[in-house]
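Here are my notes on the model you sent over, written as numbered points. Skim them with the viewer open.

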Amino acid sequence: MRKVAEQESADMSEPPQRLPASGQGSLQERSLRYVWHPCTQMKVHERIPLLALSRGEGAWLIETSGRRLLDGISSWWVNLFGHANARINAAVGEQLHVLEHAMLAGCTHAPVVELSERLSALTQGELGHCFYGSDGASAVEIALKMSHHAWRNAGRPRKCEFACVRGDYHGESLGALGVTDVPIFHDVYRALLRAAHVVASPDARLAHTGESAKEPARRAAADVERLFAERSEQIAALIIEPLVQCASGMVMHDALYVRELRTLCDRYHVHLIADEIAVGCGRSGTFFACEQAGVWPDFLCLSKGISGGYLPLSVVLTRAQIYEKFYSDESARAFLHSHSYTGNPLACRAALATLDIFDTDRVLERNRARGAYLDELLAPLRQDPRIANLRRCGMIWAFDVREDAPVASPASTQRPSFAQRYFAAACERGVLLRPIGRTVYLMPPYILSDDEMQHLVRGTRGALDAALAG
Ligand SMILES: Cc1ncc(COP(=O)(O)O)c(C=O)c1O
């Protein structure tokens with residue numbers, strides 16, 4: 001590893017006179033030449049250097065320069081038990097020598113069967129059928145298609161519209177983007193998308209003075225009822241991000257909303273899809289966010305943390321009543337959807353190791369103690385006049401930097417936005433954090449020690465001072 005670091009710094013000291021051949025130059029230079037990075041205006045990297053990583057170790061990412069960054073957002077919310085986790089490594093390593101992959105159509109294998117049994121048991125058998133995809137967006141596509149197809153098989157082919165919630169994010173493929181209401185991702189592709197009905201936000205911050213978070217939840221549910229009363233004959237499903245709308249800025253709502261939606265979906269015969277891709281796997285405080293509402297959806301999408309952040313894996317859990325709609329002698333009634341890596345054994349084995357850690361380490365219980373300590377460390381921010389809405393759901397913390405705090409416009413690649421300044425300032429303090437607009441959030445892995453939590457909060461607060469000063 002040291003060799004790589006030395007090579008890196010030696011290369012960087014040479015003036016870039018002409019375009020080097022592949023393999024020459026620093027990792028950052030080579031990456032910018034050949035890799036098109038996701039969700040990135042590539043031109044910003046003329047000014048903001050990529051983080052060139054050499055390895056991961058627990059909650060830390062280590063750059064080729066040797067700088068250590070505490071991964072405060074679990075590498076886009078996927079990494080639950082740290083990088084290079086010995087137990088997940090061992091499980092994937094063992095599986096590698098047994099069966100790396102086989103198609104799941106017409107074949108099966110122990111990892112996918114065991115994982116499906118365990119996920120079904122986690123829903124007490126309510127959602128007993130598991131259909132696998134690769135990443136989050138593919139799970140959303142599966143749920144949307146399955147919902148319409150189930151209605152079609154039930155003799156209701158007109159149910160081919162979807163509803164989503166203001167501010168929802170469900171992924172970047174065209175179907176998932178169609179039920180996404182985050183303008184920066186959605187608007188450019190509007191002409192390609194099938195528009196969904198967008199219902200009011202249950203955002204707890206919409207509570208008027210003297211109201212609890214239940215009031216905006218009730219108002220938002222009333223909006224859903226208005227829509228259903230008018231269009232339920234055409235609507236196949238309503239998709240939600242239960243408890244926290246993550247990508248639009250960790251927007252939190254009361255569990256009452258999910259409960260009310262379950263009642264409305266039953267009353268109006270509309271499927272409820274819970275996208276737990278970000279909030280599942282303990283992130284909300286319970287293993288599934290829907291548990292806090294005491295209801296099960298018709299489809300539950302999981303991804304991100306399910307493989308411990310190791311390998312792309314997603315799964316849609318659904319009920320026997322849905323499954324039965326497809327079970328027939330006719331192949332046209334079957335769900336003829338597939339991805340080449342569906343149910344990949346390595347990814348399923350990583351997921352089984354992840355579930356083992358939940359059990360053996362009593363993770364949900366220990367996260368309550370970790371969460372309480374992080375709350376305590378963040379408490380002084382409540383008095384900080386520059387921020388508002390310090391909030392928490394399980395292992396997600398967020399606060400908004402006030403409008404009147406001196407935040408630069410994010411519109412230009414020339415002038416760093418607040419989020420860009422904050423990111424740079426956090427890195428200087430040994431913490432990896434990427435605010436969403438003016439919302440700073442923490443979504444750490446579930447393994448932080450007290451010292452690491454102190455480091456994270458020092459970095460969070462120091463970066464705030466620096467970003468607002470800069
Ligand atoms: C709630 C939610 N749904 C879907 C997705 C899409 O997942 P992926 O990026 O793996 O396609 C994400 C990703 O952030 C998400 O947060």
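How many nonpolar, polar and charged residues does the shell around the ligand have?

1. Taking that one straight away: the shell around the ligand has seven nonpolar, four polar and three charged residues. Keep in mind that this is a predicted model. There are 14 residues around the ligand, and D135, G136, A137, G171 and A278 come nearest. Helix α6 (residues 136–153) supplies the largest share of that shell, three residues.

2. Since α6 turns up at the ligand, a closer look at that helix. Its 18 residues should span 26 Å at 1.5 Å a residue, and the end C-alpha atoms are indeed 26 Å apart, so the two agree. Of those 18 residues, 15 are buried, so α6 is largely enclosed by the rest of the structure. Just after the helix, G155 takes a positive phi of about 85°.

3. Now the overall picture. The protein has 15 helices and 16 strands. For 470 residues, a compact globule would have a radius of gyration near 23 Å, and the protein has 23 Å, which agrees. The C-alpha trace spans about 70 × 60 × 45 Å along its principal axes. As for burial, 44% of the 470 residues count as buried. Among contacts with a separation of 6 or more, 70% come from residues 24 or more positions apart.

4. Helix α13 (residues 363–378) has a clear inside and outside. Its 16 residues reach 22 Å from the first C-alpha to the last, close to the 22 Å expected at 1.5 Å a residue. The buried residues here are V363, N367 and L374. They cover an arc of only 30° around the axis, which puts them on the same side of α13. What do they pack against? The partners are α12 (345–360), β14 (396–401) and α15 (450–469). The face turned away from the buried side carries the exposed residues E365, A369, A372, D375 and E376.

5. Helix α4 (residues 86–96) can be read in a similar way. I88, A91, V92 and Q95 are its buried residues. Seen down the axis, these fall within an arc of 90°, so they line one face of the helix. On the other side of α4, A86, A90, G93, E94 and L96 are exposed. The buried residues of α4 pack against α5 (110–122) and α12. Helix α12 also appears among the partners of the buried residues of α13.

6. Two backbone angles to check in the viewer. Most residues other than glycine have a negative phi. W77 has a positive phi of about 75° although it is not a glycine. This residue lies in helix α3 (residues 74–77). Is W77 buried or exposed? With 22 other C-beta atoms within 10 Å, against a cut-off of 20 or more, W77 is buried. H269 also has a positive phi, about 55°, and is not a glycine either. You'll find H269 in the loop between α10 (255–268) and β10 (271–275). H269 has 15 C-beta neighbours inside 10 Å, so it counts as partly exposed.

7. Y441 sits in strand β16 (residues 439–442). With 22 other C-beta atoms within 10 Å, Y441 is buried. Which residues does Y441 touch, leaving out those up to four places away in sequence? They are M250, I396, W397, A398 and I436. If you want a distance to check, Y441 and A139 are 25 Å apart in space, C-alpha to C-alpha, and 302 residues apart in sequence.

8. Last one: R205, in the loop between β6 (197–199) and α9 (214–231). R205 has 15 C-beta neighbours inside 10 Å, so it counts as partly exposed. R205 and V179 are 26 residues apart along the chain, and their C-alpha atoms are separated by 23 Å.

How values were computed:
Residues are numbered from 1 along each chain as its sequence is written. This is a predicted model: local features need pLDDT of at least 70, side-chain atom pairs count only at pLDDT 80 or more; totals for chains, interfaces and linings use all residues. Helices (H or I, at least four residues) and strands (E, at least two) are DSSP runs, numbered from the N terminus. The radius of gyration is taken over C-alpha atoms; the globule rule is 2.2 Å times the number of residues to the power 0.38. A residue is buried if 20 or more other C-beta atoms lie within 10 Å of its own, exposed if 12 or fewer, and partly exposed in between; C-beta atoms are placed from the backbone. Two residues are in contact if their C-beta atoms, placed from the backbone, lie within 7 Å. A residue is near a molecule or strand if its C-beta atom, placed from the backbone, lies within 6 Å of it. Ala, Val, Leu, Ile, Met, Phe, Trp, Tyr, Cys and Pro count as nonpolar, Asp, Glu, Lys and Arg as charged, and the others, Gly among them, as polar. The expected span of a helix is 1.5 Å times one less than its number of residues. The arc is that of the directions from the helix axis to the C-beta atoms.
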